[in-house]
Amino acid sequence: MTRPGTFQILARDGAARRGTLETAHGTVQTPVFMPVGTQASVKSIDPRDLDEIRAQIVLGNTYHLYMRPGDELVAQMGGLHGFAAWDRPVLTDSGGFQVFSLAGLREITENGVTFRSHIDGSSHIFTPEKAIAIQQNLGSDIMMVLDECVAYGTEYDYTAKSLEMTTRWAQRCRDAHPEGQNGRLVFGIVQGGFFEDLRTRSAQQLMEIPFEGFAIGGLSVGESPDEMRQLLAHTAPLLPDQKPRYLMGVGTPMDILDGVALGVDMFDCVLPTRNARNGTLFTSFGKINIKQARFRDDPEPLDPECDCYACRTFSRAYLRHLYMARELLSYRLNTLHNLRFYLRMMEEVRDAIGQGTFEQLRARYRAAYEQS
Ligand SMILES: CC#C[C@H]1NC(N)=Nc2cc3[nH]c(NC)nc3cc21
Ligand SMILES: [Zn+2]
């Protein structure tokens, strides 16, 4: 088996790259979209479904699993792989973002971040070492460093100081899980808010540390799409060409295609799973909402170009009925479809990069999605 952490670029099309990333649980074809399974489950579907829609790697959350059921319990049950019967790669976020966006009352010191559980209000502290220890207990194949997530709009001086601490925390994370240890990988997270010089400083400092990959954090936190694209265009090329680049929490189909065009290799977003539960479905002809009356007696498949179980088996009329009746099957079929849409788009992206036709693919999706 090729050494975990090995990242090979197989083809390029402009700044877009097609590659493979080796992990302890198998090879990931990039660019890749990672379904989000925050609490050790991709809501409403099971591992067999994930296999059927050809998901390669799923995302779990340190904060949530530490809170419930507890990372020690998950370790006892064989890590996320044994616990959730998922034998492919898992990436776990460090809790950095969740503590800053979910938990109550926080205090940040050099040692770590103290916070109150959003479940029962109990007090906890995440240090860089603790964040790594939790991810080790979860059996994570790709661990994220603990970062300080500054809110959109934070002023320059605070952002500058914060990125320095995030770099010191990143070094402590790498020290807590040295390069090559049991085939697990650790990715750094570039911070610096919306200041290009601070993003450059953060990237330069992190690249001094031997991470197997680098994430761009602090985007899709409330900025405009143009601001995100501009910051991404500045930051992505700064990162090592020979290592995977991961854009956290992104995004819509167009955000992902624009990210690929700027050299990003990995993405995760709750959009396909969250939208499935409110009836918003992604199709080859744009976004629709299945509850619209026009689908009431529509016998056609949701998306004739989609190969998922929902599109192969049921009509739009049936999917609308399930949604209006709040049947649990609605969540499952809509989720299967939305995730398959994202995963199929990434399959087309990888093929297009290999054939040098990525820009044509992007234009095709833009024609269907620009306005939505
Ligand atoms: C500031 C910062 C930052 C990043 N830090 C970590 N650890 N995880 C993230 C997850 C995200 N999800 C979204 N959007 C939904 N933006 C994210 C950003 C981060
Ligand atoms: Zn489908």
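This passage describes a parallel sheet and a zinc site in a predicted model.

The sheet is open and consists of 8 strands with parallel pairing, arranged in the order β4-β14-β13-β12-β11-β10-β6-β5. Its edges are formed by β4 (32-34) and β5 (58-61), each of which pairs on one side only, and from one strand to the next the twist averages 25°. Helix α6 (residues 128-137) packs on this sheet, where it touches β6 (90-93) and β10 (142-144), and the direction of the helix makes about 155° with that of β10.

Within the sheet, strand β12 (residues 213-216) can be followed through its pairing with β11 and with β13. Strand β11 (residues 185-190) runs parallel to β12 and is joined to it by 4 bridges, and Phe-187 has Gly-213 in β12 as its bridge partner. Between these two strands the chain passes through helix α8 (residues 196-206), in a β-α-β crossover that is right-handed. Strand β13 (residues 245-247) is likewise parallel to β12, with 3 bridges joining the two; here Phe-214 stands opposite Arg-245, while Ile-216 stands opposite Leu-247. The connection from β12 to β13 leads through helix α9 (residues 225-235), and this β-α-β crossover is right-handed.

The side chains of a regular strand alternate between the two faces of the sheet. In β12, Gly-213 and Ala-215 point one way, whereas Phe-214 and Ile-216 point the other way, and all of these residues are buried.

The zinc ion (ligand 2) is coordinated by the SG atoms of Cys-306, Cys-308 and Cys-311 together with ND1 of His-337, at 2.1 to 2.3 Å. The arrangement is tetrahedral, because the 4 donor atoms around the zinc ion subtend angles of 98 to 119°, and these values lie between the limits of 85 and 135 degrees that apply to four donors. Along the chain, the donors follow the spacing C-x1-C-x2-C-x25-H. Distant parts of the chain are thereby linked, with Cys-306 placed in the loop between β16 (286-289) and α12 (309-313) and His-337 in helix α14 (residues 328-355), 31 residues apart. Cys-306 has a relative accessibility of 7% and therefore counts as buried, and His-337, at 0% relative accessibility, also counts as buried, since the term applies under 20%.

Methods. Residues are numbered from 1 along each chain as its sequence is written. Chains are lettered from A and ligands numbered from 1 in the order in which they are written. This is a predicted model: local features need pLDDT of at least 70, side-chain atom pairs count only at pLDDT 80 or more; totals for chains, interfaces and linings use all residues. Side-chain values use heavy atoms; hydrogens and water are left out. Donors are N, O and S atoms within 2.8 Å of the metal (3.2 Å for Na, K and Ca); water is not among the atoms, so sites may look incomplete. Four donors count as tetrahedral if all angles lie between 85 and 135 degrees; four count as square planar and six as octahedral if opposite donors are over 155 degrees apart and all others between 65 and 115; anything else is irregular. Buried means under 20% relative accessible area, exposed over 50%, partly exposed in between (1.4 Å probe, protein chains only). Two strands pair if DSSP finds at least two bridges between them. Axes are lines fitted to C-alpha atoms, for helices over the stretch in contact, and angles run from 0 to 180 degrees between N-to-C directions. Contact means heavy atoms within 4.5 Å. A crossover is right-handed if, with the strands pointing away from the viewer, the path from the first strand over the helix to the second runs clockwise.
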